[in-house]
Amino acid sequence: MLALRIALRYLFAKKSHRAVNVISVISLAGVAVATMAIVVVLSVFNGFSDLAHTRLGRIDPDFKAVVKVGKVFAGADSVAVALSGIEGVAWASPTLQERALLVAGDAQMPVRVTGSDPGAYGAPDLSPVIIDGAYAMEAHVGADTLAAAQLSVGVALHTGLRPGGMSAAVLYAPRRVGRINPANPAAAYRRLPVAVSAVFQIDQPEYDNDCVTVPLDALRRLLEYRADEASAIDIGLEPGADAARVASDIGAMLGDGFDVLSRERQQADTFRMISVEKWITFLMLVFILVVASFNIVSTLSLMVIEKRYDMATLRSLGASRSTVRRVFIAEGWLITAVGGLVGIALGVGLSLLQERFGLIRLDGDPAALSVEAYPVRLEWGDVGMVLATVVVVGFAIAQLSRLFTRKID
């Protein structure tokens with residue numbers, strides 16, 4: 001306790017040499033700035049993770065049930081009805097997904113086709129992300145009534161298709177059933193004429209580049225699946241529902257043959273990339289914090305020189321050599337702790353201000369940006385981790401300070 005009291009006095013007392021004061025302030029400021037940067041950067045990555053979650057939530061369901069073995073399963077319609085009865089489930093809809101070739105005039109491109117039926121199963125449609133046209137199950141091209149297709153913005157740009165056009169596109173998929181005549185290669189493919197009813201944009205490349213949605217029944221006919229077969233069941237939750245409990249109930253109902261994927265698992269690569277970038281950046285900033293903390297070692301070495309007469313007085317009054325050493329060890333701890341706490345307070349304050357008021361804006365045309373300010377979300381778990389890091393760094397610096405106290409007499 002005596003060593004800590006003396007260290008506190010040395011921390012805030014004016015030194016006899018101005019250089020020692022300046023170096024002490026620089027040491028404390030270096031730790032504070034580095035700590036503040038860690039808190040702010042972690043909060044920014046949390047914000048980008050929430051942004052990706054929000055964007056993907058426009059089209060990805062809260063949960064997706066898929067079979068562990070095989071590509072499709074039978075009885076999907078009845079399974080969807082049963083899942084809809086689980087407490088906390090707002091809707092459950094069978095979906096089918098496959099690769100196909102979209103041909104429109106002279107343009108063609110491989111696309112990822114998803115078949116769904118929001119009207120029959122209560123699932124939400126794409127209306128919130130449609131930038132041209134309107135969601136529909138059927139569309140007209142001249143006198144013909146065709147299955148309606150909603151194109152992602154990348155497909156629309158590549159093919160030149162737009163809602164309300166007078167020309168239909170055609171989806172081609174290889175035949176699954178029957179024999180193929182090598183003399184007639186075209187017979188190896190089935191075709192589905194579609195009319196474009198809408199163009200949507202998610203601001204996520206994995207959806208905007210090559211996605212097409214069509215009615216579920218139409219895609220089943222194209223792929224030659226039975227009327228009750230699907231590749232997944234999309235499941236939406238009621239507001240405020242306990243996601244963990246609902247996921248457990250879904251898994252219990254479906255059994256071991258199904259895997260229940262959360263939104264993060266549905267887009268594992270996207271969220272894994274954000275997580276990896278977050279923790280790599282965290283390690284880099286911790287390294288900067290360690291480098292900044294070495295200024296404390298310089299401060300302690302100068303303080304040992306300046307206070308050598310005070311230490312001699314303490315020794316004359318009966319203080320042991322270990323007590324004198326603990327003074328400077330505690331001094332290293334205090335500089336790190338004060339700098340860390342100041343940095344955490346600044347980081348928390350800046351993060352909360354940005355999260356609430358969006359003070360720092362993104363450059364560019366606001367009409368072309370999906371968000372106007374840097375997304376930020378403060379997590380207190382991150383703050384606790386930063387505090388623990390500061391404690392560990394302070395312990396390491398305190399141990400290094402022993403090197404400068406061994407010769408104290």
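Ala244 and Ala252 are exposed, on the other side of helix 8 from its buried residues. This is a predicted model, so please take the geometry I quote as computed from that prediction.

Now the buried side. Which residues of helix 8 are buried? They are Val246, Ile250 and Leu254. Why do these three count as one side of the helix? Around the axis they cover an arc of only 65 degrees, and that puts them on the same side of helix 8. The general rule is familiar: an α-helix has 3.6 residues a turn, so residues three or four places apart point the same way.

What covers them? Strand 1, at 63-67, and helix 3, at 76-84, are part of the cover, together with strand 2, at 89-104. Strand 10, at 232-237, and strand 11, at 258-262, are also included.

On to the helix itself. Helix 8 runs over residues 243-254, 12 residues in total. From first C-alpha to last, helix 8 reaches 16 Å, close to the 16 Å expected at 1.5 Å a residue.

Next, the two ends. At the N-terminal end, aspartate 242 acts as the cap, with a side-chain oxygen 3.2 Å from the backbone nitrogen of alanine 244. After the helix comes glycine 255, and its phi is positive, near 90 degrees.

Last, the whole chain. The protein chain has 13 helices and 11 strands, and 46% of its 409 residues are buried. Of the contacts between residues at least 6 apart in sequence, 79% join residues at least 24 apart. The accessible surface comes to about 20,900 Å², with 60% of it belonging to carbon and sulfur atoms.

Key: Residues numbered from 1 in each chain as written. Predicted model: local features only at pLDDT ≥ 70, side-chain atom pairs only at ≥ 80, totals over all residues. Heavy atoms only, no water. Helix = DSSP H or I, 4+ residues; strand = E, 2+ residues; numbered from the N terminus. Buried < 20%, exposed > 50% of the residue type's maximum accessible area, 1.4 Å probe, protein only. Contact = heavy atoms within 4.5 Å. Areas by Shrake-Rupley, 256 points an atom, 1.4 Å probe, with all protein chains shown as cover. Expected span 1.5 Å × (residues − 1). Arc of directions from axis to C-beta. Polar contact = N/O pair within 3.5 Å; in protein donor to acceptor, adjacent residues only side chain to side chain.
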